[in-house]
Amino acid sequence: MHAWILNDTNGPSSYTLAEVGTPQPGPGQVRVKLVMSALNRLDLWMSMGLPAPKSFPHVAGGDGAGVIDVLGSDVEGLAEGDEVIVNPGLGFAPTTDHIPFGGKVGVLGEHAWGTLAEYVVVPASNVIPKPPHLDWDRAAAYGLAYGTAYRMLKRARLSPGDVLLVVGVGGGVSSAGLLIGRLMGAEVYVTSRSPAKIARAIELGAVAGFRSTAEFSKELKAVARRQADVVFENVGPATWNQSMRSIRPGGRVVTCGSTSGTKVEISMPPLFFRHQEIIGSTMFDHDDFAQVSAWVSGGDLAVLVDGIHEFEDLPGALARMKACDQQGKLVIRGRDS
């Protein structure tokens, strides 16, 4: 099959279009011919060795949707020709589907060959039927980002009426945080370096937006007339201090990433005197994926697709992601689709 493979970690240019062996499903697995896949920032980081693949060659990519073309043994309830959406969460414990706290956490495209290829092999439990009315690009785009965002907001105990501040809106996870936060009944505010992204976020239901490079903690308090109950963070050092200053006593900052760097400095007295919380979150379980899938299928949750790139134009899509030039997900059309 044709696939975008990594043979080193010198950056996005490390991706090479090549022919590799077509994977075959083992017991309990299915093979999916991909109609669409979608990028996540993880695909960019892996090309830089953050983290590096365990072995080369490696096929990245966590999100995708397509058609089952081969069933492994012991697979029930699925058939060749079924249109499916791939759940990128791997590594479930034998006795629980609750990835983060039981068993080994795994991500398709990091711990197993992923979706930047013609075919992908996954456990049968990692595909769900694609609703006939759902376009392929949206079916392929929401999995990793929307599941991650929902898990973050659950861990932060977001409640109806809470003030939610989404920092650095524009990428897949932060855009999903805005949309899911609204769906969960929060009053949502955003930050961005881009006035256009702030304007788009307001169109999508944010009350207001502030520049990420300004003292947005003060601006939030002036506009909302109170501080945030929850701050949704995946930027890191560039915004961390302002994010911490944005939360009320007893408030929570929840984070799943650090696009501007991996280390921050924390002032301890405000943290303990104000009873604040810093919450880490990663991935999601089958129930989380089922919930966001039901919202998407029912039309309650929009899937933001910024653009569709041809299979051969992966470098162009990665360049846009590296430049933070998108609002929503970047989708890759399957080869010959």
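The protein chain exposes about 13,900 Å², and carbon and sulfur atoms supply 51% of that area. The model is a predicted one. Of its 337 residues, 54% count as buried. As for secondary structure, the chain comes to 10 helices and 18 strands. The radius of gyration is 20 Å, close to the 20 Å that the globule rule gives for 337 residues, so the chain is as compact as a globular protein of that length. Put in a box along the principal axes, the C-alpha atoms take up roughly 55 × 40 × 35 Å. Counting contacts between residues at least 6 apart in sequence, 70% join residues at least 24 apart. On the charge side, the 30 positive and 34 negative charges have mean positions 11 Å apart.

Two helices are worth a closer look. Helix H4 covers residues 172-183, and its end C-alpha atoms are 16 Å apart, which agrees with the 16 Å its 12 residues should span at 1.5 Å a residue. Since 10 of those 12 residues are buried, H4 is largely enclosed by the rest of the structure. The buried stretch takes in Gly172, Val173, Ser174, Ser175, Ala176, Gly177, Leu178, Leu179, Ile180 and Gly181. Just after H4, Gly185 takes a positive phi of about 95 degrees.

Helix H9 (residues 286-298) has 13 residues and reaches 18 Å from first C-alpha to last, close to the 18 Å expected at 1.5 Å a residue. Its buried residues are His286, Asp288, Phe289, Val292, Ser293, Trp295 and Val296. An α-helix has 3.6 residues a turn, so residues three or four places apart point the same way. The cover over the buried residues of H9 includes H4 itself, along with helix H3 (143-155) and strands E6 (83-86) and E10 (127-129).

The loop leading from strand E16 (277-280) to H9 holds Ser281 and also Met283. Ser281 has 9% relative accessibility and therefore counts as buried. Leaving out residues up to four places away in sequence, Ser281 touches Arg151, Met152, Arg155, Val254, Thr255 and Cys256. The C-alpha atoms of Ser281 and Lys154 are separated by 9.7 Å, with their places 127 residues apart along the chain. Met283 is buried too, at 4% relative accessibility, and its phi is near 60 degrees, a positive value in a residue other than glycine. Most residues other than glycine have a negative phi, and most peptide bonds are trans.

Arg157 goes against that trend as well, with a positive phi of about 60 degrees although it is not a glycine. Arg157 sits in the loop between H3 and strand E11 (163-166), where its 42% relative accessibility makes it partly exposed.

Then there are the cis peptide bonds. One joins Leu50 and Pro51, with omega about 10 degrees; another joins Phe56 and Pro57, with omega about -5 degrees. Pro51 belongs to the loop between helix H1 (41-47) and strand E4 (58-59), and Pro57 is found in the loop between H1 and E4 as well.

Finally, Gly109 lies in the loop between strands E8 (106-107) and E9 (119-123). Its relative accessibility is 1%, so it counts as buried. Apart from neighbours within four places in sequence, Gly109 is in contact with Met46, His58, Val59, Ala60, Gly61 and Gly114. Ile198, 89 residues apart from Gly109 along the chain, has its C-alpha 31 Å from that of Gly109.

Conventions:
Residues numbered from 1 in each chain as written. Predicted model: local features only at pLDDT ≥ 70, side-chain atom pairs only at ≥ 80, totals over all residues. Heavy atoms only, no water. Helix = DSSP H or I, 4+ residues; strand = E, 2+ residues; numbered from the N terminus. Rg over C-alpha atoms; globule rule 2.2 N^0.38 Å. Buried < 20%, exposed > 50% of the residue type's maximum accessible area, 1.4 Å probe, protein only. Contact = heavy atoms within 4.5 Å. Areas by Shrake-Rupley, 256 points an atom, 1.4 Å probe, with all protein chains shown as cover. Lys, Arg positive; Asp, Glu negative; His and termini not counted. Charge placed at Lys NZ, Arg CZ, Asp CG, Glu CD. Expected span 1.5 Å × (residues − 1).
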